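Q: I've got a structure on my screen and I'd like to learn how to read it. Can you walk me through some of its features?

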Amino acid sequence: MALVNEHYLKLKAGYLFPEIARRVAAFAGRNPDARIIRMGIGDVTEPLPPAIVEGLAAAAREMGDRATFRGYGPEQGYEFLREAMARDDFQSRGADIAADEIFVSDGSKCDTGNILDIFAPDNKVAVLDPVYPVYVDTNVMVGRTGDADANGRYAGLIYLPATAENGFEPELPTERVDLVYLCYPNNPTGAVASRASLERWVAYAREHGAILLFDAAYEAFITDPSIPHSIYEIPGARDVAIEFRSFSKNAGFTGVRCAATVVPKSLLGRTANGDRIPLHGLWNRRHTTKFNGVSYIVQRGAAAAYSTEGRSQIAGLIRFYMANATLLREGLQSAGLEVHGGVNAPYIWIKTPGGLSSWSFFDRLLSDSHVVGTPGSGFGAAGEGYFRLSAFNSRANVEEAVERIRRILA
Ligand code: MLT
């Protein structure tokens with residue numbers, strides 16, 4: 001009989017979001033008339049912008065015509081998309097990133113897990129706590145950790161608490177670390193990293209030979225012009241950082257699927273005997289071996305995000321979701337809750353009232369107000385006593401949810 005990868009047996013029973021879905025389905029089964037408002041998973045609700053729909057549709061028509069049909073495309077992505085990203089996402093912000101350093105993919109969730117293929121198992125990994133669970137679980141799966149303790153913290157990982165007390169700005173690691181996951185704007189706390197904070201991380205990585213795995217999936221929600229959108233806006237970051245980009249939350253691609261990973265050519269790792277190896281080549285090898293590229297149609301849709309109409313329609317979407325974030329933040333603050341985030345990010349991070357645990361508040365909100373959020377403890381031990389609400393919803397649902405929550409708190 002085949003042996004299984006026993007590292008999977010160390011994982012907590014279910015991935016956070018399916019576990020929430022399971023509890024909500026059970027509640028809905030018992031209360032078929034309840035009109036449940038789902039603000040748990042950060043999934044977009046608004047339709048695709050018209051410029052993107054037209055980009056997708058035009059590409060679909062090309063695929064239906066013998067003269068313009070295409071089969072396999074370049075695994076790394078079509079030039080038209082990589083060039084647009086290099087120009088508009090990086091070079092226009094003073095970040096020195098070339099098109100051939102960008103690898104188009106079907107999701108940054110997948111890529112933050114897949115990137116582990118090119119790193120040795122004995123690297124020391126640090127994550128912020130609370131943390132997007134994918135960073136932790138994928139390290140468990142490849143065997144980089146021991147078992148979890150009672151708080152769900154895995155032996156072998158270094159957790160850097162980001163709490164209200166430290167302004168969600170974790171201390172730098174005090175022990176040896178080789179890979180550090182950073183996510184800014186942050187999921188789940190909604191915190192952002194100032195330029196000075198990112199400079200501190202880049203200086204740390206350069207000094208200690210560490211690599212930053214920088215998840216910028218929410219960069220489009222930054223409203224403060226002083227906050228960098230890319231780690232590569234920081235001088236020297238090219239030599240120490242990989243960045244993950246996504247079209248999911250800005251262009252509404254959670255169901256379409258398109259993202260990118262940036263691996264600069266100057267980024268080096270080393271072998272056990274000290275040879276320096278460019279990671280770009282390793283990732284290119286991994287990507288071209290295990291992936292056949294994002295569909296032409298989807299890449300044309302993504303490229304439409306960079307047209308004049310696409311940019312202005314996406315800006316409208318972001319304004320819409322951020323107005324939801326403001327309603328949630330201000331509405332819940334005025335109901336007496338301690339609320340963080342929601343200014344440069346689509347997530348609101350709430351201190352649970354009356355010292356309730358995260359899951360107790362989840363259950364209370366679900367049963368008394370029929371609103372679903374995400375328990376902070378699901379993102380890590382330092383998230384206990386917190387609760388996340390997502391601003392991705394219709395305006396009517398957001399207004400209704402705020403009213404319902406205010407009523408149960410009154
Ligand atoms: C979340 O709710 O944290 C996100 O939707 C998860 C994801 O983007 O994979």
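A: Sure. Let's begin with a term: a residue counts as buried when its relative accessible area is under 20%, and as exposed when that area is over 50%, with partly exposed in between. Keep in mind that this is a predicted model.

Q: Let's try that on a helix. Which residues of α5 are buried?

A: The general idea is that an α-helix has 3.6 residues a turn, so residues three or four places apart point the same way. Now the case here: α5 covers residues 133-141, and 8 of its 9 residues are buried. Those are Pro133, Val134, Tyr135, Val136, Asp137, Thr138, Asn139 and Val140.

Q: What do the buried residues of α5 pack against?

A: Two helices, α1 (16-30) and α4 (108-114), plus the strands β3 (125-129), β4 (157-161), β5 (179-183) and β6. Have a look just past the end of α5 too, where Gly143 has a positive phi of about 90°.

Q: On to strands. In what order do the 4 strands of the open sheet run?

A: Generally, strands of a sheet pair through backbone hydrogen bonds, either parallel or antiparallel. Here the order is β11-β12-β15-β14, with antiparallel pairing. At the edges sit β11 (339-341) and β14, each pairing on one side only.

Q: How many bridges join β12 to β15?

A: There are 5 between β12 (residues 347-351) and β15, and Ile348 is the residue opposite Leu389 in β15. Between β14 (residues 374-375) and β15 there are 2 bridges, with Pro375 standing opposite Phe387.

Q: Which way do the residues of β15 point?

A: As a rule, the side chains of a regular strand alternate between the two faces of the sheet. In β15, Tyr386, Arg388 and Ser390 point one way, while Phe387 and Leu389 point the other way. Both sets are buried, and the strand, residues 386-390, is mostly covered.

Q: Arg388 caught my eye. Which residues surround the ligand?

A: Arg388 is one of them, together with Phe17, Ile41, Gly42, Lys109, Tyr132, Asn187, Tyr218, Lys249 and Tyr347. By type, the shell divides into 5 nonpolar, 2 polar and 3 charged residues.

Q: Where do oxygen atoms of the ligand find polar partners, for example in Asn187?

A: The idea is to look for N or O atoms paired within 3.5 Å. A polar side-chain atom of Asn187 is 2.8 Å from a ligand oxygen, and an N or O atom in the Lys249 side chain is also 2.8 Å from a ligand oxygen. Gly42 uses its backbone instead: an N or O atom there lies 2.6 Å from an oxygen of the ligand. Taken alone, the ligand exposes 260 Å², and the protein buries 85% of that.

Q: One last residue, Asp239. Is it buried, partly exposed or exposed?

A: Asp239 counts as partly exposed because its relative accessibility is 33%. You'll find Asp239 in the loop between β6 (211-215) and β7 (241-246).

Q: And what does Asp239 touch?

A: Leaving out residues up to four places away in sequence, Asp239 touches Arg206, Ser266 and Leu267. With Ser266, Asp239 makes a side-chain polar contact of 3.0 Å. Leu267 is 28 residues from Asp239 along the chain, yet their C-alpha atoms are separated by 4.5 Å.

Conventions: Residues are numbered from 1 along each chain as its sequence is written. This is a predicted model: local features need pLDDT of at least 70, side-chain atom pairs count only at pLDDT 80 or more; totals for chains, interfaces and linings use all residues. Side-chain values use heavy atoms; hydrogens and water are left out. Buried means under 20% relative accessible area, exposed over 50%, partly exposed in between (1.4 Å probe, protein chains only). Contact means heavy atoms within 4.5 Å. A polar contact is a pair of N or O atoms within 3.5 Å; within protein, one must be able to donate a hydrogen and the other to accept it, and residues adjacent in sequence count only if both atoms are side-chain atoms. Two strands pair if DSSP finds at least two bridges between them. A residue is near a molecule or strand if one of its heavy atoms lies within 4 Å of it. Accessible areas come from the Shrake-Rupley method with a 1.4 Å probe; for residues, only the protein chains shown count as cover. Ala, Val, Leu, Ile, Met, Phe, Trp, Tyr, Cys and Pro count as nonpolar, Asp, Glu, Lys and Arg as charged, and the others, Gly among them, as polar.
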